[in-house]
Amino acid sequence: GGGMAVGGTPAHGGTAITTCFRKFLVETFGLERLGEGEGVLDVAGGKGQLSFELINLCRGVRSTVVDARNTDTINYRKIVDRHKRLAVKRRAHLRRKEPDFDEQNAVPISVDSIPYEVPGHVVAYFGPDLWRRDRDRDPDREKAQERARESWERGYGGKGRREREATTSTTTT
């Protein structure tokens, strides 16, 4: 996982509270348990920082945000850009520690080479309608979920594969 950088700032670009809670979840439940089934359900997850960290910093963990917030107003690009920028610094630092590292012939690490995934985001209040299998489909909820999918794809440059899979499995059960 990510640690704290100089000055107490999280090394991955999130907030210190989010980082502490992610570490608590990993220490308490373990990566194996967090990665079971469909993964973590981040209820009232807001813009999805915790889910983003879980997916990108904890191998094998999936996460889906459930929040009533309209995702069109969230600046996802800021989260991704910070994550990528700090990941480059982490990789460069680790690479310099390798015994055969040659500073003069090293190829710079590109920000574009940093992979990331986005969490699924379901725009809904967390209540019985969300988990009942026998409910009638609410067309307004379907439209809201489609808007959320489009927002994630716009905010992440069209890389909403995980979000589409999570929302599709949520809406088809």
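**Val61 and helix α2**

Student: Where is the place of Val61 in the chain?
Tutor: Start with the two elements on either side, helix α2 and strand β2 (63-67). Helices (H or I, at least four residues) and strands (E, at least two) are DSSP runs, numbered from the N terminus. Val61 has its place in the loop between α2 and β2.

Student: What kind of model is this, and how are residues numbered?
Tutor: It's a predicted model, where local features need pLDDT of at least 70, side-chain atom pairs count only at 80 or more, and totals for chains, interfaces and linings use all residues. Side-chain values use heavy atoms, without hydrogens or water, and residues are numbered along each chain from 1.

Student: Is Val61 buried or exposed, and what is its relative accessible area?
Tutor: Buried means under 20% relative accessible area, exposed over 50%, and partly exposed in between (1.4 Å probe, protein chains only). Val61 counts as buried because its relative accessible area is 2%.

Student: What separates the C-alpha atoms of Val61 and Gly37?
Tutor: Along the chain, Val61 and Gly37 sit 24 residues apart. In space, their C-alpha atoms are separated by 9.7 Å.

Student: Why is helix α2 largely enclosed by the rest of the structure?
Tutor: Helix α2 covers residues 49-57. Its buried residues include Phe52, Ile55 and Asn56. It is largely enclosed because the buried residues number nine of the nine.

Student: And across the protein chain, what share of residues counts as buried?
Tutor: The chain has six helices and three strands, in the order α-β-α-β-α-β-α-α-α. Of its 173 residues, the buried share is 40%.

Student: Which α2 residues does α1 meet, and at what angle do the two cross?
Tutor: A contact here is heavy atoms within 4.5 Å. Thr18, Thr19, Phe21, Arg22 and Leu25 of α1 meet Gln49, Leu50, Glu53, Leu54 and Leu57 of α2. The axes of α1 (residues 16-34) and α2 come within 10 Å and cross at roughly 55°.

Student: Which α3 residues meet α2, and how far apart are the axes of α2 and α3?
Tutor: From α2, the residues taking part are Gln49, Phe52, Asn56 and Leu57. Across from them in α3 are Ile79, Val80, His83 and Arg90. Axes are lines fitted to C-alpha atoms, for helices over the stretch in contact, with angles from 0 to 180 degrees between N-to-C directions. Helix α3 (residues 76-96) packs on α2 at about 35°, and the axes are apart by 12 Å.

Student: Of contacts between residues at least 6 apart in sequence, what percentage joins residues at least 24 apart?
Tutor: The count covers contacts within the protein chain, with that minimum of 6 as the starting point. The part joining residues at least 24 apart is 66%.
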